[in-house]
Amino acid sequence: MIFTGIAAGILAGCALSSGTADTGAKARTPEEIKKSGTVRIGVFSDKNPFGYVDENGEIQGYDVYFAKRIAKDLLGSEDDVEFIYVEAANRVEYLKAGKVDIILANFTVTDERKEQVDFALPYMKVALGVVSPESSLITDVKELKGKKLIVVKGTTAEAYFTEKYPDITLVKFDEYQEAYDALLDGRGDAFSTDNTEVLAWAIRNRGYEVGIESLGSLDIIAPAVQKGNTGLQNWLNEEIRSLAEEQFFHTGFEATLRKVYGDSVDPDSLVVEGGIVD
C-alpha cells in the first residue's frame with residue numbers, strides 16, 4: 001500500500017507519491033480505478049483510534065481497516081490502496097479536486113455536506129462529546145459560559161456550537177493533534193468532537209474525563225465520493241450490504257477499537273452493519 005501525506009505532511013517513513021489531481025477533476029469510476037490498479041482513500045493521520053500513524057510509521061485504525069477491505073474487494077489486494085492524509089476542513093475539497101476517490105475520515109453525514117458530496121451507506125454512528133480536565137470537569141454545556149471550547153475546523157462540533165451556542169468562545173484548530181495539544185497546555189478549558197473519539201483519548205490520558213458523553217443528535221458516519229459519482233457510490237453501497245453477512249464492522253471493532261475502549265463501549269452503540277441504523 002502507498003501512503004501520501006498531502007494534507008498533514010506526515011510521511012513517517014512511508015513511500016511518497018503525488019496523489020494530486022487538477023482542481024475540479026472528474027471522479028473515477030470503479031472500472032477506471034481497477035484499470036489504474038490503485039484506489040485513493042482519504043483518512044486521518046492523527047485521529048486515534050480511527051485513523052492514525054503509529055509509533056512505527058504505519059497507518060492504523062477503524063477507518064483504515066475498512067479501507068483495506070475496500071481495496072481487497074475492488075482490486076484484489078488490501079495493498080492496492082493509496083492512503084492520503086486529510087484534515088477535517090479539506091475533506092470536501094479533496095473529493096471535488098479528484099485527489100481522492102473515497103473519503104473514510106470519520107465523515108459525518110449532514111444536509112450541508114450532501115449538497116457537495118455523495119455519501120454511501122453508513123458504517124458507524126456517533127454523537128458529540130466534551131472532554132475536560134478532571135480538576136475542572138465540564139458536565140453541562142451551561143458550564144462552558146465564559147470558558148474556551150476547543151474544536152477542529154470543518155467538524156460537526158464546530159457547526160453545532162456555532163449554531164446552537166454562539167456565545168461560547170471557540171478556539172479553532174486545523175488538526176486534531178493541535179487541538180489536543182491545546183487542551184493539554186491549557187489554551188482551552190475543554191474540547192469537543194465525536195464522543196467515541198474523546199472517550200478513547202480520555203482513556204489514554206490520565207487526568208481527563210468525558211463529562212458530557214452525548215450532545216446533539218445521533219449522527220451517522222459514511223464513506224463519501226465526489227458528487228455525481230453514482231458508480232462508485234453504488235459499488236460502496238453493495239459492499240457495505242454484503243459485508244453485513246460476516247458482521248465485518250463488528251470484527252473491525254474487535255480488531256481496532258476493543259483494545260482502546262475495553263468494556264466501556266458497547267460495539268452496538270457505535271457499529272452499523274449493512275447500512276441499517278438501529
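User: In which loop is Lys-147 found?
Analyst: This is a predicted model. In this model Lys-147 is not part of a strand but of a connecting stretch. That stretch is the loop between S9 and S10.

User: Is Lys-147 buried, partly exposed or exposed?
Analyst: Buried would need a relative accessible area under 20%, and exposed one over 50%. The computed value for Lys-147 is 29%. That value lies between the two cut-offs, so Lys-147 is partly exposed.

User: Which residues does Lys-147 touch, leaving out those up to four places away in sequence?
Analyst: A contact here means heavy atoms within 4.5 Å. With the sequence neighbours left out, the residues touched by Lys-147 are Ile-138, Thr-169 and Asp-189.

User: What separates the C-alpha atoms of Lys-147 and Lys-68?
Analyst: Along the chain, these two lysines are 79 residues apart. In space, their C-alpha atoms are separated by 41 Å.

User: How many residues of strand S10 are buried?
Analyst: S10 covers residues 148-152, which makes it a strand of five residues. It is largely enclosed by the rest of the structure, because the number of its residues that are buried is four.

User: Which residue of S11 is the bridge partner of Ile-150?
Analyst: S10 and S11 (residues 169-173) run parallel and are joined by five bridges. Val-152 stands opposite Phe-173 in S11. For Ile-150, the partner in S11 is Val-171.

User: What is the handedness of the β-α-β crossover from S10 to S11?
Analyst: After S10 the chain passes through helix H5, residues 156-164, and then enters S11. Handedness is read with the strands pointing away from the viewer, and a clockwise path counts as right-handed. The crossover from S10 to S11 is right-handed.

User: Which residue of S12 is the bridge partner of Ile-150?
Analyst: S10 also pairs with strand S12, residues 190-194. Two bridges join S10 and S12, and they run parallel. The partner of Ile-150 in S12 is Phe-191.

User: Which strands stand at the edges, each with a single partner strand, in the five-strand sheet?
Analyst: The sheet is open, with mixed pairing, and its order is S11-S10-S12-S9-S13. The twist averages 25° from one strand to the next. A strand at the edge has a single partner, so one side of it is left without a neighbour in the sheet. The edge strands are S11 and S13.

User: At about what angle to S12 does helix H6 run?
Analyst: H6, residues 176-184, lies across S9, S10, S11, S12 and S13. Helix H7, residues 195-204, also packs on the sheet, touching S9, S12 and S13 at about 45° to the direction of S9. For H6 and S12, the angle is about 150°.

User: Which residue of S4 is the bridge partner of Asp-46?
Analyst: An open sheet of three strands has the order S3-S4-S5, with antiparallel pairing. S3 (46-47) and S5 (59-60) stand at its edges. Two bridges join S3 to S4, residues 51-53. Asp-46 has as its partner in S4 Tyr-52.

User: Is the peptide bond from Asn-48 to Pro-49 cis or trans?
Analyst: Pro-49 sits in the loop between S3 and S4. Most peptide bonds are trans. From Asn-48 to Pro-49, however, omega is near 10°, and the bond is cis.

User: What is the relative accessible area of Asn-106?
Analyst: Asn-106 lies in the loop between S7 (102-103) and H4 (111-114). Its phi is positive, about 45°, although it is not a glycine. Asn-106 is buried, with a relative accessible area of 3%.

User: Is Gln-247 buried, partly exposed or exposed?
Analyst: Gln-247 is found in the loop between H8 and H9. It has a positive phi of about 55°. With a relative accessibility of 35%, Gln-247 is partly exposed.

User: Are H2 and H8 roughly parallel or roughly perpendicular to each other?
Analyst: The axes of H2 (residues 62-75) and H8 (residues 230-243) come within 12 Å. They cross at roughly 105°. Angles of 65 to 115 degrees count as roughly perpendicular. H2 and H8 are therefore roughly perpendicular.

User: How many residues of the contact of H2 with H8 are charged?
Analyst: H2 brings Phe-66, Arg-69, Ile-70, Asp-73 and Leu-74, and H8 brings Trp-235, Leu-236, Glu-239, Ile-240 and Leu-243. Seven of these are nonpolar and none is polar. The number of charged residues is three.

User: Which helices are included in what covers the buried residues of H9?
Analyst: H9 spans residues 248-256, and its buried residues include Phe-248, Phe-249 and Phe-253. The cover of the buried residues of H9 includes H2, H8 and H10.

Technical notes: Residues numbered from 1 in each chain as written. Predicted model: local features only at pLDDT ≥ 70, side-chain atom pairs only at ≥ 80, totals over all residues. Heavy atoms only, no water. Axes fitted to C-alpha atoms, helices over the stretch in contact; angles between N-to-C directions. Parallel < 35°, antiparallel > 145°, perpendicular 65-115°, else oblique. Nonpolar A, V, L, I, M, F, W, Y, C, P; charged D, E, K, R; others polar. Buried < 20%, exposed > 50% of the residue type's maximum accessible area, 1.4 Å probe, protein only. Pairing = 2+ DSSP bridges.
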